[in-house]
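Thank you all for making time this morning. I would like to walk through one model with you, and I will ask you to keep it open in front of you while I talk.

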Amino acid sequence: MAQKFNPAEVELTEKLVSLNRVSKTVKGGRISRFAALMVVGDGAGHVGVGLGKAAEVPEAIRKGIEDAKKNMITVALKGTTIPHEVIGVYGAGKVLIKPAALGTGIIAGGKVRAVLEAAGISNVRAKCLRSNNPTNVVKATMEGLKELRTAQEVANIRNIPVEQIKG
(Lines give C-alpha, C1' and ligand atoms only; values in the text may rest on other atoms or scores of the structure.)
Protein backbone atom coordinates (compact mmCIF):
# COMPACT_ATOMS: atom_id res chain seq x y z
CA MET A 1 0.00 0.00 0.00
CA ALA A 2 1.22 3.50 -0.86
CA GLN A 3 2.18 5.35 2.29
CA LYS A 4 2.65 9.02 3.17
CA PHE A 5 6.11 10.55 2.75
CA ASN A 6 7.92 13.41 4.50
CA PRO A 7 9.18 15.83 1.78
CA ALA A 8 11.41 17.87 4.12
CA GLU A 9 14.38 15.48 3.98
CA VAL A 10 14.97 15.14 0.20
CA GLU A 11 15.58 17.33 -2.87
CA LEU A 12 12.39 17.56 -4.94
CA THR A 13 11.81 18.43 -8.61
CA GLU A 14 8.80 20.63 -9.33
CA LYS A 15 6.84 20.63 -12.60
CA LEU A 16 3.95 22.81 -13.73
CA VAL A 17 1.44 20.51 -15.43
CA SER A 18 -1.27 23.01 -16.26
CA LEU A 19 -2.07 26.66 -15.66
CA ASN A 20 -5.71 27.68 -15.93
CA ARG A 21 -6.93 31.28 -16.10
CA VAL A 22 -10.43 31.72 -14.74
CA SER A 23 -12.45 34.91 -14.53
CA LYS A 24 -15.46 35.99 -12.53
CA THR A 25 -17.71 38.79 -13.68
CA VAL A 26 -18.73 41.21 -10.92
CA LYS A 27 -20.46 44.59 -10.88
CA GLY A 28 -17.22 46.46 -11.57
CA GLY A 29 -15.97 44.17 -14.37
CA ARG A 30 -14.05 40.91 -14.59
CA ILE A 31 -11.81 39.47 -11.87
CA SER A 32 -9.07 37.16 -13.19
CA ARG A 33 -7.54 34.37 -11.13
CA PHE A 34 -5.16 31.48 -11.83
CA ALA A 35 -5.16 27.78 -10.94
CA ALA A 36 -1.82 25.93 -11.16
CA LEU A 37 -1.62 22.12 -11.16
CA MET A 38 1.82 21.11 -9.85
CA VAL A 39 3.68 17.79 -9.58
CA VAL A 40 6.64 17.30 -7.22
CA GLY A 41 8.84 14.22 -6.84
CA ASP A 42 12.29 13.03 -5.85
CA GLY A 43 12.80 10.63 -8.78
CA ALA A 44 13.09 7.68 -6.37
CA GLY A 45 9.50 6.53 -5.89
CA HIS A 46 8.00 9.55 -4.12
CA VAL A 47 5.54 11.84 -5.91
CA GLY A 48 2.82 14.35 -5.04
CA VAL A 49 0.22 16.44 -6.87
CA GLY A 50 -1.24 19.76 -5.77
CA LEU A 51 -3.56 22.50 -6.99
CA GLY A 52 -2.89 26.14 -6.10
CA LYS A 53 -5.28 29.01 -6.78
CA ALA A 54 -4.43 32.72 -6.52
CA ALA A 55 -4.77 36.11 -8.21
CA GLU A 56 -1.13 35.97 -9.41
CA VAL A 57 0.62 33.13 -11.30
CA PRO A 58 3.73 32.82 -9.03
CA GLU A 59 1.53 32.72 -5.93
CA ALA A 60 -0.69 30.01 -7.49
CA ILE A 61 2.43 27.96 -8.36
CA ARG A 62 3.82 28.34 -4.81
CA LYS A 63 0.50 27.22 -3.31
CA GLY A 64 0.36 24.28 -5.73
CA ILE A 65 3.85 23.14 -4.69
CA GLU A 66 2.93 23.36 -0.98
CA ASP A 67 -0.25 21.33 -1.62
CA ALA A 68 1.71 18.73 -3.64
CA LYS A 69 4.23 18.30 -0.79
CA LYS A 70 1.34 17.65 1.62
CA ASN A 71 -0.10 14.96 -0.69
CA MET A 72 3.07 12.96 -1.41
CA ILE A 73 2.94 9.17 -1.63
CA THR A 74 5.51 6.37 -1.93
CA VAL A 75 5.21 4.33 -5.14
CA ALA A 76 6.09 0.61 -5.33
CA LEU A 77 8.79 0.20 -8.00
CA LYS A 78 10.39 -2.84 -9.64
CA GLY A 79 13.77 -1.55 -10.86
CA THR A 80 13.02 1.25 -13.34
CA THR A 81 9.42 0.21 -14.02
CA ILE A 82 6.27 -0.71 -12.09
CA PRO A 83 5.51 -4.20 -10.66
CA HIS A 84 2.27 -4.78 -12.60
CA GLU A 85 -0.34 -3.27 -14.91
CA VAL A 86 -2.82 -0.92 -13.25
CA ILE A 87 -5.79 1.28 -14.17
CA GLY A 88 -6.26 4.51 -12.22
CA VAL A 89 -9.66 6.22 -12.15
CA TYR A 90 -10.51 9.66 -10.81
CA GLY A 91 -13.75 11.37 -11.82
CA ALA A 92 -14.06 11.02 -15.61
CA GLY A 93 -10.28 10.44 -15.95
CA LYS A 94 -9.08 6.88 -16.54
CA VAL A 95 -5.42 6.00 -17.11
CA LEU A 96 -3.91 2.61 -18.03
CA ILE A 97 -0.29 2.16 -16.89
CA LYS A 98 1.73 -0.88 -18.00
CA PRO A 99 5.26 -1.98 -17.09
CA ALA A 100 7.81 -2.00 -19.92
CA ALA A 101 11.20 -3.59 -20.62
CA LEU A 102 14.47 -1.80 -19.91
CA GLY A 103 15.23 0.81 -22.59
CA THR A 104 11.60 1.47 -23.53
CA GLY A 105 11.43 4.90 -21.90
CA ILE A 106 8.24 6.67 -20.87
CA ILE A 107 5.57 6.20 -23.53
CA ALA A 108 2.83 8.47 -22.18
CA GLY A 109 1.03 11.75 -22.79
CA GLY A 110 2.33 15.00 -21.33
CA LYS A 111 0.23 15.08 -18.14
CA VAL A 112 0.82 11.41 -17.24
CA ARG A 113 4.48 11.71 -18.24
CA ALA A 114 5.04 14.54 -15.72
CA VAL A 115 3.80 12.37 -12.83
CA LEU A 116 5.76 9.27 -13.91
CA GLU A 117 9.02 11.25 -14.40
CA ALA A 118 8.66 12.89 -10.98
CA ALA A 119 8.12 9.45 -9.41
CA GLY A 120 11.33 8.12 -10.99
CA ILE A 121 9.66 5.56 -13.27
CA SER A 122 11.68 5.47 -16.51
CA ASN A 123 10.35 2.41 -18.43
CA VAL A 124 6.57 2.40 -18.69
CA ARG A 125 3.68 2.66 -21.16
CA ALA A 126 0.53 4.65 -20.38
CA LYS A 127 -2.70 5.60 -22.11
CA CYS A 128 -5.53 7.96 -21.18
CA LEU A 129 -8.73 5.99 -21.77
CA ARG A 130 -11.46 8.56 -21.08
CA SER A 131 -11.22 12.26 -20.19
CA ASN A 132 -8.19 14.33 -21.17
CA ASN A 133 -8.88 16.98 -18.53
CA PRO A 134 -5.44 17.68 -16.96
CA THR A 135 -6.64 17.61 -13.34
CA ASN A 136 -8.58 14.35 -13.69
CA VAL A 137 -5.81 12.65 -15.73
CA VAL A 138 -3.09 13.57 -13.20
CA LYS A 139 -5.22 12.50 -10.23
CA ALA A 140 -6.20 9.24 -12.01
CA THR A 141 -2.47 8.55 -12.55
CA MET A 142 -1.86 9.11 -8.83
CA GLU A 143 -4.74 6.75 -7.93
CA GLY A 144 -3.20 4.09 -10.18
CA LEU A 145 0.24 4.52 -8.60
CA LYS A 146 -1.32 4.21 -5.11
CA GLU A 147 -2.72 0.77 -6.06
CA LEU A 148 0.68 -0.71 -7.00
CA ARG A 149 1.94 -3.59 -4.84
CA THR A 150 5.26 -5.45 -4.90
CA ALA A 151 5.32 -9.26 -4.75
CA GLN A 152 6.71 -9.02 -1.21
CA GLU A 153 3.79 -6.83 -0.06
CA VAL A 154 1.23 -9.23 -1.60
CA ALA A 155 2.96 -12.23 0.01
CA ASN A 156 2.88 -10.51 3.42
CA ILE A 157 -0.84 -9.72 3.07
CA ARG A 158 -1.65 -13.33 2.09
CA ASN A 159 0.77 -14.89 4.63
CA ILE A 160 2.48 -17.03 1.97
CA PRO A 161 6.07 -17.14 0.66
CA VAL A 162 7.01 -14.87 -2.27
CA GLU A 163 7.73 -17.94 -4.45
CA GLN A 164 4.01 -18.84 -4.47
CA ILE A 165 3.07 -15.46 -6.01
CA LYS A 166 2.50 -15.97 -9.73
CA GLY A 167 4.23 -13.55 -12.11
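In this predicted model, please look first at the open sheet, which is built from four strands in the order β5-β6-β8-β7 and has mixed pairing. Its edges are formed by β5, residues 86-90, and by β7, residues 106-107, each of which pairs on one side only. As a general reminder, the strands of a sheet pair through backbone hydrogen bonds, and they do so either parallel or antiparallel. Here β7 pairs with β8, residues 124-128, in the parallel sense over two bridges, and I107 has R125 in β8 as its bridge partner. Helix α2, residues 110-119, packs on this sheet and touches β6, β7 and β8, with its direction at about 145° to that of β8. Helix α3, which covers residues 134-146, lies across β5, β6 and β8 and runs at about 135° to β5.

Let me stay with the strand β5 for a moment, because it contains G88, a residue that counts as buried with a relative accessible area of 1%. Is there a way to see what surrounds it? Leaving aside residues up to four places away in sequence, G88 touches G93, K94, V95, A140, E143 and G144. The C-alpha atoms of G88 and V137 are 8.9 Å from each other, although these two residues lie 49 residues apart along the chain.Now to the two helices, where the question is at what angle α2 and α3 pack. They pack at about 40°, with their axes 9 Å apart, and that makes α2 oblique to α3. The crossing of α2 and α3 is right-handed. On the α2 side, K111, V112, V115 and L116 take part, and they meet P134, V137, V138, T141, M142 and L145 of α3. By character, the residues in this contact of α2 with α3 divide into eight nonpolar, one polar and one charged.

Finally, let us step back to the chain as a whole, whose secondary structure comes to four helices and eight strands. Read from the N terminus on, these elements run β-β-β-α-β-β-β-β-α-β-α-α. The C-alpha trace of the chain spans about 70 × 35 × 30 Å along its principal axes, and 39% of the 167 residues count as buried. Among contacts between residues at least 6 apart in sequence, 58% join residues that are at least 24 apart.

Definitions and conventions:
Residues numbered from 1 in each chain as written. Predicted model: local features only at pLDDT ≥ 70, side-chain atom pairs only at ≥ 80, totals over all residues. Heavy atoms only, no water. Pairing = 2+ DSSP bridges. Contact = heavy atoms within 4.5 Å. Axes fitted to C-alpha atoms, helices over the stretch in contact; angles between N-to-C directions. Buried < 20%, exposed > 50% of the residue type's maximum accessible area, 1.4 Å probe, protein only. Parallel < 35°, antiparallel > 145°, perpendicular 65-115°, else oblique. Left-handed = near helix turned anticlockwise from the far one by under 90°. Nonpolar A, V, L, I, M, F, W, Y, C, P; charged D, E, K, R; others polar.
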